[in-house]
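Welcome, and please have your viewer ready. This tour goes from one selection to the next, with a word on what to look for at each stop.

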Amino acid sequence: MYSDEDIFKETTTKSLLQILKKNEDFHENCYQEIFPKGQEIKLNNISGFKIYLVESGYFTYCLENEHGNSGIICFVGGEVAVNLVPIINEEPEDSILRALTEIQCWVLEPEFVERVLSESGQKEKYLLANLLYTRRAYFKASKRTFMKKEARIRACLKDIGLYMGRVTKEREYVLPEEINNSILAQYANTTREYTNIIVLKLRKEGILDDSHKPWVIKNMNAL
């Protein structure tokens, strides 16, 4: 039986591009684009439906409520192919990709991707990878809702560090410069005021150094 990780290893961004580049219509249907920090992409926009493969940088995958406030479901980099928009266009209403950093990525026409993957016999494998990735992201987000507020903030900070942090030889995790109280609050679904209190507590405990940018998690195990 295959594990999720086995499937992800076989459906990387690099492997998908290799399959697509063998097709003579590749350059007519795929191009590279740089998205500036803060740019938004509305995922349920049928007329503008695309597939995005991140080469560098990070998106935040957000859902907006009726008041226009958005919460972060997950952060998305370049680790899984077809990881931002599925070939089947079924994104939740009011789902948005927001560039956390400057992002370089491939923009792909979904009809072309679906045709090439079908012809190569790879469509089901990449669809499964995307569904597993989406399921994992939503499972983690739903699990956080059962945590107490401080536990959510600690868990989210740890998740950010493990996913996006640069590890030093001292086993400290240097976070992207864009991570701040506001981003952490959106991810943990807590108010910014309460997040400030917990961040200060983590600083006093010697777990987090937020005195300058970028933040540094000094004791990951304590989270």
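Keep in mind that this is a predicted model.

**Stop one: the largest cavity**

By class, nine nonpolar, two polar and one charged residues make up the lining of the largest cavity. To find the spot, select Y61, N83, L84, Y133 and T134, which are the closest to the cavity centre among the twelve lining residues. The space inside comes to about 90 Å³, and the structure holds two cavities of 30 Å³ or more.

Now colour by secondary structure. Which elements each supply at least two residues of this lining? They are β5 (70-76) and α5 (123-144). Of the contributors, α5 gives the most, with four residues.

**Stop two: an edge-to-face pair**

Stay with β5 and select F75 together with Y187, a pair that joins strand β5 to helix α7 (residues 181-188). These partners are 112 residues apart, so the pair links distant parts of the chain. Which geometry do the rings adopt? Their centres are 4.8 Å apart and their planes stand at 80°, so the pair is edge-to-face. Try a surface view here too: F75 and Y187 are both buried.

**Stop three: more rings**

The structure holds seven aromatic pairs in total. Select F35, Y52 and F59 next, and you will see a cluster linked by ring pairs.

**Last stop: a charge over a ring**

Finish by selecting K149 and Y194. The charged end of K149 sits over the ring of Y194, at 4.3 Å from the ring centre.

Technical notes. Residues are numbered from 1 along each chain as its sequence is written. This is a predicted model: local features need pLDDT of at least 70, side-chain atom pairs count only at pLDDT 80 or more; totals for chains, interfaces and linings use all residues. Side-chain values use heavy atoms; hydrogens and water are left out. On a 1 Å grid over the protein atoms alone, a cavity is a set of points where a 1.4 Å probe fits but cannot get out, and a pocket is an open set with protein on both sides within 12 Å along at least five of seven lines; lining residues have an atom within 4 Å of a point. Grid points are joined across faces, edges and corners, and a volume is the space filled by probe spheres set on the points. Ala, Val, Leu, Ile, Met, Phe, Trp, Tyr, Cys and Pro count as nonpolar, Asp, Glu, Lys and Arg as charged, and the others, Gly among them, as polar. Rings of Phe, Tyr and Trp (its six-membered ring) pair if their centres lie within 6.5 Å; planes under 30 degrees apart count as stacked, over 60 as edge-to-face and the rest as tilted. Buried means under 20% relative accessible area, exposed over 50%, partly exposed in between (1.4 Å probe, protein chains only). A charge sits over a ring if NZ of Lys or CZ of Arg is within 6 Å of the ring centre and within 35 degrees of the ring normal.
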